[in-house]
Structure formats: structure tokens, C-alpha cells
Amino acid sequence: MKNKKTNHEVAKGIRKRVFEHCIKNNGGYLSQACSAAEQLAWLYNDILNLGDSTQPMIPEEFSGVPSKDNQNYITGAGYNGPFESSYDRLIIAPAHYALVAYATLIEVGRMAPEALDMFNKDGSSVEMIGAEHSPGMEVHNGTLGVGLSTGAGLAMGRKIKKETGEVCVFMSDGELQEGQVWEALQTCVHHKIDNLWAIVDVNEQQVNGAMKDVMDIGDIANKIESFGAIVTEIDGHNFDELSKAKKINHKDKPLIILAKTSPYQGMKYLKTRFPKLHYVRFKSEEERMNMNNEISTELGISPIEY
Amino acid sequence: MEIVNKPYAKAFEDFAKDKKEILCISADLDSSCEIDGFRDRYPHKFISMGMAEQNMMSFSGGLGLAGFRPFIHSFGVFTYRRPYDQLVASIAYPRRKARIMGFLPGITTPGGMTHQAIEDISVMRTLPNMTVLETGDATEVESICEVADSIDGPVYCRMLRGSVPRLFETPLQIGKLRTLSEGKDILVFTSGICTEEAIRARSALKKFGIAIKHIHVSTLKPINEELFLSLISEAKSGIISMENHLVNGGLGSIVSDIISKYGIGKKLIKLGLQDTYAHGGSKGYLSRYYNLDALALIKSIENLTNTKTNIQEVDLNEARIEDVHSLSKAEAL
């Protein structure tokens with residue numbers, strides 16, 4: 001199913017789907033689609049070596065949390081392909097990007113478009129904050145900062161077992177405020193975990209607003225480099241730069257790609273909401289209408305009916 | 001009494017050395033958790049995590065995802081206070097087969113508040129999917145690796161280290177209660193290091209005609225309610241629980257829950273830390289200070305039976321020696 005569409009087409013489709021969903025539902029994680037569309041499109045459509053999905057196109061309903069009485073529990077990992085030694089694994093660390101990730105699964109043919117109608121509906125596994133059983137999610141990452149550690153442990157385990165598949169962690173820059181991320185980085189460097197790489201959506205936004213106002217984390221490239229990892233900063237909306245970054249030799253070290261992005265890329269009108277971009281809920285019917293008209297024009301689609 | 005030196009060191013090495021899926025994880029406390037020998041002899045199975053427990057928990061979750069069963073070593077307190085969020089998200093929720101070996105339970109360390117795990121059982125018991133075990137002697141320490149590794153999910157083990165007395169001859173078994181003495185007057189539940197203290201008290205009490213039924217508990221979750229229920233129903237003058245832990249959320253609460261659930265009108269005295277932090281000191285001093293020793297148990301029994309024994313510490317020391325010879329008999333019950 002690889003490369004039926006171009007990366008550009010997938011990224012455009014992600015923005016359209018997330019936009020449509022947000023207009024219809026009077027809000028959502030819209031800016032994350034703007035900043036991360038190219039990265040997720042590139043990961044699923046291009047760079048990751050994933051097997052075919054093992055899960056149904058229409059996700060199963062929520063069937064209970066893991067427990068000794070629920071032995072049939074399955075995670076959303078199957079949407080990223082089977083657990084076979086040669087395939088890569090993808091950990092989506094900021095589970096708040098779930099809507100964007102679901103849209104990506106649809107665009108690359110791993111999930112049906114109707115699945116998005118199940119988003120945040122009672123009894124659905126397509127949860128608002130990606131849960132372990134949500135499509136494309138392999139573990140619980142709703143608590144920010146645990147993703148890189150999990151990826152590191154998984155990667156070290158795969159190394160010990162001599163599996164060839166790599167582990168990729170999709171991260172956000174906001175979670176770099178959590179100390180655990182730096183604990184994970186020092187561990188990756190210390191143990192030479194080089195079958196792990198991460199791509200960080202550097203959109204400089206967090207819940208309260210712009211990161212520099214909430215908690216400035218400074219020069220993250222410099223920080224990561226001084227921790228001993230291989231780091232590169234690129235334009236996160238440019239596929240050529242993304243692919244070039246992945247080719248960097250990082251023997252004995254983890255590779256961290258800092259993807260500099262704009263939280264209103266492809267939806268310039270969203271800038272009117274700056275710096276409150278984490279979750280866009282329309283303040284008035286007028287704002288919703290204006291957003292609908294302005295952004296649909298930029299996306300080259302008809303205004304969404306709702 | 002036989003005192004075993006570092007029972008975990010040998011037991012873990014023997015158990016883990018040839019098992020491919022077991023990895024030894026340490027947070028900078030190798031010799032303190034008696035795994036320094038294993039580290040030196042099996043470096044390929046040992047992963048140093050440094051002082052970074054949050055990462056250690058999620059990292060171990062990742063190892064679990066890769067099919068490994070990590071044995072995580074640290075002081076108990078460091079495995080849940082700082083990395084609680086990671087413990088839940090990366091270990092407990094996904095039912096990773098992580099075996100958490102928590103040393104320095106309760107007042108067994110002069111390290112004070114920061115080193116004493118006094119609410120670990122309470123915290124771990126309330127986590128869905130978690131199994132909780134506690135060792136009370138060298139035999140239980142020696143047998144815990146196999147028991148812990150048989151569990152389909154995460155398990156927290158309260159571990160003893162250093163010079164550990166041997167009280168039992170049979171290995172720890174999940175869900176089983178050990179009956180150490182028979183008696184109809186008072187029912188005493190003990191766990192961990194409190195069991196040895198209760199044995200001291202028991203022999204001295206015998207002279208006064210007070211017979212106690214003494215039960216040692218090493219599985220704190222899951223609980224076999226029926227076993228507890230039948231014992232509690234038969235207790236004549238009351239029940240005492242004695243634990244090296246806060247009285248809330250541990251053994252005392254387990255007994256109390258069963259009493260209330262089944263509507264049993266029996267009095268329960270919960271010995272343990274009474275909603276207080278402890279400070280640093282020797283085990284003997286702290287046991288006396290916080291009413292966790294044999295004398296404290298005797299006072300509680302006097303209270304329940306409305307008698308006065310005048311038993312002194314000196315009587316107990318003699319009792320201890322006597323009891324060593326009867327241990328095997330107690331176990332054979």
C-alpha cells in the first residue's frame with residue numbers, strides 16, 4: 001500500500017480531514033495538523049518500513065482495559081503493521097496528536113474515513129487523547145515525556161534480540177520541558193542505542209501559549225547535542241530536508257531530527273488565534289464561519305457543511 | 001536460628017543467569033540490592049539505568065514490549081514515589097511483566113523518611129493489574145524470583161537483604177497463608193519482619209496460657225478472601241494485624257475490609273505506623289519507638305483479652321532462643 005499517493009497529497013489530505021472534523025465538531029487539535037502533517041505523511045507514506053495493517057479498516061469498539069480478565073486486549077499497534085523483527089515501530093509520544101495521526105492512517109489506507117466519525121464518541125476506541133488501544137497507538141503516551149523512554153527500552157530490547165527493525169519516536173517540543181526526556185536521552189547515549197531515532201515537531205506551542213512565554217527551553221539543538229546525541233535542524237514542511245536528515249550517519253548514537261514547523265502552515269487564518277493554538281474551540285459562530293470560509297479557500301475545498 | 005547472608009544475591013543469579021528473556025535493571029544501587037556479583041558475571045544481562053527512575057520505569061516498559069521480563073532493582077521507595085506516573089502508564093496499565101524488587105521496606109533502614117518505603121504496599125495494592133508480595137525470611141527471599149516471574153503481569157516484591165533469618169522451610173507460594181501456631185484466643189496476622197517479632201512474643205505468652213493463632217502473610221495482592229474469612233470467623237477474643245508499614249492500605253486494611261465486607265463483629269487492632277512518617281534509626285530502636293515489636297504485640301493481646309502478663313524484654317530474649325528449636329514444628333502445622 002506504500003506510495004499510492006505522494007507525500008504532498010497525504011499531507012494535504014491530513015489537513016483537510018482534520019479541518020473538516022474541527023469545523024463540524026466546533027473545535028479540535030487543528031494546529032497540530034498544520035505543524036505535523038508533512039512529518040506524519042512522510043513517516044507513514046515514505047520513510048518507515050511498516051508491514052500492512054493487521055487491524056480492521058473500521059476500528060473495533062472499546063473492549064475493556066488490560067486486565068487478567070481481558071486477555072484478548074489488543075493495542076492500536078496493529079495499524080502500524082505486525083510485530084515482526086524486520087519492521088520498524090512508531091511511538092507517537094504526544095498522544096494529543098491523535099486526531100492528526102488518525103487522519104494520516106486514513107490517508108495512507110490503513111483506516112476507513114468513517115473511523116473519524118468515531119472520534120471521542122462514547123464506547124469508541126478512537127479516543128480524543130490516543131489511548132493504548134486507539135488506532136496507531138502502541139502504548140499510552142497521554143502523559144507527556146514517557147514516549148522516548150519507552151522507545152529507548154524497546155530499541156535496546158530489539159538490539160539485544162538482533163532485530164533489524166528500527167524504533168521511531170514522534171515527539172513534540174513541548175514535552176522537552178519534562179525531565180524524563182533528558183533522562184531518556186542520556187540513557188540512549190550511554191547505552192549506544194542507535195536503532196532509535198526521533199523526530200520532534202518544533203512548533204513552539206503548548207497549552208498555555210507560546211513556549212517562550214510559558215517555559216522557555218532555549219537552544220534545544222545545542223542541549224541535545226551536548227547530551228551526546230546526533231541532532232539536526234530542518235524545515236519540517238520540506239520532504240527533501242526530512243529525507244536528507246534521516247540519512248545522517250548516527251552509528252552508536254540516537255538521531256534526533258528537530259523539525260521546525262509553523263502551527264498555522266497551510267491554514268494562515270489560524271494565526272488570528274495565536275498564541276492560543278493548542279486546542280482550537282471557536283469563540284463564536286462568526287469565528288467558526290470565518291475560519292470555515294478562509295481556510296477552506298486556502299485548502300482549495302468548498303466550505304464545510306455542518 | 002540460622003542467619004543467611006545475602007540470600008537474594010545467590011537466588012537471583014541462579015534464577016536469572018540462563019533465562020534469555022530476563023534482564024537485570026539497576027538504578028545505581030547494585031551492591032545495595034545484592035546484584036553487583038550478577039552485574040560482574042553476566043554484564044550482557046545487566047542494564048545500568050543510573051539515578052533516573054522515571055526513565056527506568058518507561059524504559060522497562062519498552063523492554064517488556066520487546067518481549068523481555070525486566071527485574072527492576074532499587075530501594076522500594078524509589079520505585080513508586082518519584083516515578084508513579086511512569087509506573088502506571090508504562091508498567092501497570094499495559095501489564096508489562098516487570099518484576100520490581102523493592103529493598104529497604106519500612107523501618108528496616110536508618111535512612112529516614114526519604115529511604116523508608118512505608119506506603120509502598122498501599123500504593124501498589126491500589127494499582128489495577130499489580131501483584132504485591134512481601135518476604136519475611138531467607139527462604140521467601142530465595143524463592144521469590146520464581147514466584148514473581150510466574151506472574152502474568154507486573155509484580156512488586158518487598159525484599160529483605162543482608163543478614164536475613166530463616167524462619168520457614170518451604171518456599172513462598174502465591175496466595176497461601178502460613179499457619180505458624182494454633183490457638184483459639186487471639187488471631188494474629190503478620191507480614192515481613194513483623195513475623196519474627198510475633199514468634200518471640202508467642203512463646204512468652206504460652207506460659208500465661210494465652211494461645212494465639214499466628215498467620216504469616218506474604219501475598220498482599222491478590223487476596224484469597226475465603227482463607228482470611230474462615231480464620232477471622234473463628235477468632236475468639238479478637239484479631240491483631242502487625243505490619244512494617246502504615247496501618248492504612250496494607251495488611252491491617254486487608255483484614256479490616258474482609259471484616260466489614262462480611263459483617264463480622266470482631267475487634268481488630270492494627271499495629272504498624274499509625275498515620276506517621278518515621279525517622280532514621282536502627283531496626284530495634286524504631287520497632288520499639290513505633291510499637292512494632294514483640295512487646296507491642298503483647299500489650300495489644302493484653303488489651304484484647306483483658307489480662308496483664310508483665311512480660312519484659314528480658315523474657316522475650318529467652319523466648320527467642322526457645323522458639324528457634326520449635327520453628328520447624330511450627331512450619332509443619
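**Figure 1. A:Ile92 and A:Phe170 are bridge partners, with A:Phe170 sitting in strand E2(A).** This close-up comes from a predicted model, so keep that in mind as you explore. Strand E1 of chain A, residues 89-92, runs parallel to E2(A), and 4 bridges join the pair. On to the next partner: E2(A) also pairs with strand E3 of chain A, residues 196-202, again in the parallel sense, here over 6 bridges. One place to look is A:Cys168, whose bridge partner in E3(A) is A:Trp197. To get from E2(A) to E3(A), the chain passes through helix H5 of chain A, residues 179-190, and this β-α-β crossover is right-handed.

**Figure 2. Strand E2 of chain A, residues 167-172, is mostly covered.** Are the residues of this strand buried or exposed? Of its 6 residues, 6 are buried. Try tracing the two faces in turn: A:Val167, A:Val169 and A:Met171 lie on one side, while A:Cys168, A:Phe170 and A:Ser172 lie on the other, and both sides are covered. A handy rule helps here: side chains in a regular strand alternate between the two faces of the sheet.

**Figure 3. A:Met171 has its place in strand E2 of chain A.** Why does A:Met171 count as buried? The reason is its 28 C-beta neighbours inside 10 Å, since 20 or more are enough for a residue to be called buried. Apart from neighbours within four places in sequence, A:Met171 is in contact with A:Ala93, A:Pro94, A:Gly147, A:Leu148, A:Ala198, A:Ile199 and A:Val200. Look for A:Tyr97 as well: A:Met171 and A:Tyr97 are 74 residues apart in sequence, and their C-alpha atoms are 9.7 Å apart in space.

**Figure 4. Helix H1 of chain A, residues 7-24, packs with helix H3 of chain A, residues 98-107.** Their axes are 9 Å apart and make an angle of about 125 degrees, so H1(A) and H3(A) are oblique to each other. H1(A) passes H3(A) in a right-handed crossing. Which residues meet here? From H1(A) come A:Val10, A:Gly13, A:Ile14, A:Arg17, A:Val18 and A:His21, and from H3(A) come A:Leu99, A:Val100, A:Ala103, A:Thr104, A:Ile106 and A:Glu107.

**Figure 5. Chain A and chain B touch through 22 residues of chain A and 25 residues of chain B.** On the chain A side, the elements giving two or more residues are helix H4 (147-160) and H5. H4(A) supplies the largest share of that side, 9 residues.

Conventions: Residues are numbered from 1 along each chain as its sequence is written. Chains are lettered from A and ligands numbered from 1 in the order in which they are written. This is a predicted model: local features need pLDDT of at least 70, side-chain atom pairs count only at pLDDT 80 or more; totals for chains, interfaces and linings use all residues. A residue is buried if 20 or more other C-beta atoms lie within 10 Å of its own, exposed if 12 or fewer, and partly exposed in between; C-beta atoms are placed from the backbone. Two strands pair if DSSP finds at least two bridges between them. A crossover is right-handed if, with the strands pointing away from the viewer, the path from the first strand over the helix to the second runs clockwise. Axes are lines fitted to C-alpha atoms, for helices over the stretch in contact, and angles run from 0 to 180 degrees between N-to-C directions. Angles under 35 degrees count as roughly parallel, over 145 as roughly antiparallel, 65 to 115 as roughly perpendicular and the rest as oblique. A crossing is left-handed if the near helix is turned anticlockwise from the far one by less than a right angle, and right-handed if clockwise. Two residues are in contact if their C-beta atoms, placed from the backbone, lie within 7 Å.
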